[in-house]
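Please take a moment with the model shown below before reading on. The paragraphs that follow lead from its strands to its empty spaces.

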Amino acid sequence: MDKLASKAVCSGCAACVIACPHACISMSLDTEGFVYPDISNDCMDCGRCTAACPVINAEESAAPQNTYAAASLDRELLMRSFSGGIFGVLARKTLARGGIVFGAAFDDGFKLVHTRAEREADLTQMFGSKYIQSDAKTAIEQAASAARGGALVLFSGTGCQVNAVAARAPQSDKLLLVEVICHGVPPQALFDKYLGELERMHNSKACRVVFRDKGLGRRSHSITIEFENGNKYISPLSDDPYMRLYLQNISMRPSCYDCAAKCASRADITIGDFWGVKRFAPGFDGANGVSLIMVRTQRGQRSLDAVAGALRLRKVEPKGIEKVNPSAFGSMPMNASRADFFAKMATGSVAELADKYAKSPPGVAEKIKTSISRRLRRMK
């Protein structure tokens with residue numbers, strides 16, 4: 001690992017594995033469930049891995065050129081996306097021009113992987129928030145290869161994943177890099193444990209997972225899991241044990257607390273939730289979700305301009321946005337209980353671990369429960 005980023009800052013993007021011409025590097029799970037590169041004794045010291053590492057070669061990025069509030073004019077797309085649907089709008093445009101879209105989606109076993117879409121029907125599983133570190137190695141390699149071959153490509157992912165594609169692909173007007181604002185990523189192993197416990201509780205396999213379900217209203221902040229036997233689990237995020245561990249900065253990858261991509265983004269566009277949009281865009285209706293868009297390059301601006309007709313779009317002054325969406329600008333502080341949590345992760349259920357390490361702030365859960373109850377009464 002002395003040729004690569006230290007474990008404390010390695011994001012697990014696998015750019016080094018892709019770059020190695022001798023197949024001397026593989027990704028291995030550590031005891032916490034995160035992947036890290038492992039260099040074999042056959043290493044030829046060619047230096048390709050070091051040159052490809054987006055952490056080692058991070059360069060401070062300029063401030064965004066323009067900032068916008070946006071929401072899709074297509075209501076169906078808007079309701080399937082948690083924020084304002086900007087990813088779906090950009091993805092549809094890419095496919096309409098004969099391009100390829102890469103994004104994170106659950107496979108049949110609810111493993112989160114980056115997949116490719118070449119038709120609109122393949123986009124559906126990419127919509128919505130998913131709070132797990134995705135396996136993006138193959139997609140990063142395919143996206144970079146397609147871009148080098150001259151294909152039109154949109155790659156959407158966390159900042160570290162976007163930077164890995166940028167490190168492998170040439171600068172091109174045909175490659176659009178879309179960074180999703182990221183709070184941090186828990187390991188797949190923790191989600192597997194959590195989902196397995198719920199499946200045993202409901203005596204059925206899960207068939208659908210929605211981390212932030214708009215069916216109860218965008219502001220309900222609920223997780224919904226449906227099971228093959230017809231059962232349904234719905235919980236406010238502040239009560240759900242998996243989400244409590246995540247939102248209280250306990251279950252994330254070590255590098256997320258000092259993320260190199262936060263100040264060294266190589267994205268063309270950064271997108272995420274526009275919390276507090278009314279403060280920045282008075283009169284902008286955010287009832288069904290609004291996207292925050294930060295344009296970082298001329299390529300990104302041209303891409304946004306090309307889909308402006310499909311959006312409610314308003315340019316805003318960025319001052320103060322860091323207060324309502326701090327994850328867009330910096331890393332979250334590490335919870336003091338993190339090390340103990342991971343040391344004990346295998347010893348209890350996720351609910352028991354959350355009760356021990358991630359106690360809900362007083363009053364928050366009750367407020368969200370009341371909000372959901374009111375919305376459910378209106379829906380009856």
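Which residue in β12 stands opposite Asp 273? The partner of Asp 273 is Ser 291 in β12, and this pair belongs to a longer contact, since strand β11 (residues 269-273) and strand β12 (residues 291-295) run antiparallel and are joined by five bridges. Strands, like helices, are DSSP runs numbered from the N terminus (E over at least two residues for a strand, H or I over at least four for a helix), and two strands are said to pair if DSSP finds at least two bridges between them. The model is a predicted one, in which local features need pLDDT of at least 70 and side-chain atom pairs count only at pLDDT 80 or more, while totals for chains, interfaces and linings use all residues. Residues are numbered from 1 along each chain as its sequence is written, and side-chain values use heavy atoms, with hydrogens and water left out.

The two strands β11 and β12 are part of an open sheet of eight strands with mixed pairing, in the order β5-β4-β6-β7-β11-β12-β3-β13. At its edges lie β5 (112-117) and β13 (311-315), each of which pairs on one side only. On average, neighbouring strands of this sheet are turned by 25 degrees against each other, direction ignored, where the axes are lines fitted to C-alpha atoms, for helices over the stretch in contact, and angles run from 0 to 180 degrees between N-to-C directions.

Within this sheet, strand β6 (residues 153-157) is largely enclosed by the rest of the structure, because five of its five residues are buried, a word used here for under 20% relative accessible area, with exposed meaning over 50% and partly exposed in between (1.4 Å probe, protein chains only). In a regular strand the side chains alternate between the two faces of the sheet. Accordingly, Val 153, Phe 155 and Gly 157 point one way from β6, whereas Leu 154 and Ser 156 point the other way. Strand β4 (residues 100-106) runs parallel to β6 and is joined to it by three bridges, with Ile 100 opposite Val 153. Strand β7 (residues 175-180) also pairs with β6 in the parallel sense, over five bridges, and here Phe 155 stands opposite Leu 177. Together with helix α6 (residues 159-168), β6 and β7 make a right-handed β-α-β unit, right-handed in that, with the strands pointing away from the viewer, the path from the first strand over the helix to the second runs clockwise.

What of the enclosed space? The structure holds one cavity of 30 Å³ or more, a cavity being a set of points, on a 1 Å grid over the protein atoms alone, where a 1.4 Å probe fits but cannot get out, and lining residues having an atom within 4 Å of a point. Its volume is about 110 Å³, taken as the space filled by probe spheres set on the points, which are joined across faces, edges and corners. Of the 13 residues that line this cavity, the closest to its centre are Cys 10, Cys 13, Cys 16, Cys 53 and Pro 54. The lining divides into 11 nonpolar, two polar and no charged residues, where Ala, Val, Leu, Ile, Met, Phe, Trp, Tyr, Cys and Pro count as nonpolar, Asp, Glu, Lys and Arg as charged, and the others, Gly among them, as polar.

Technical notes: 1 Å grid on protein atoms, 1.4 Å probe; cavity = no way out; pocket = protein on both sides within 12 Å on 5 of 7 lines; lining within 4 Å.
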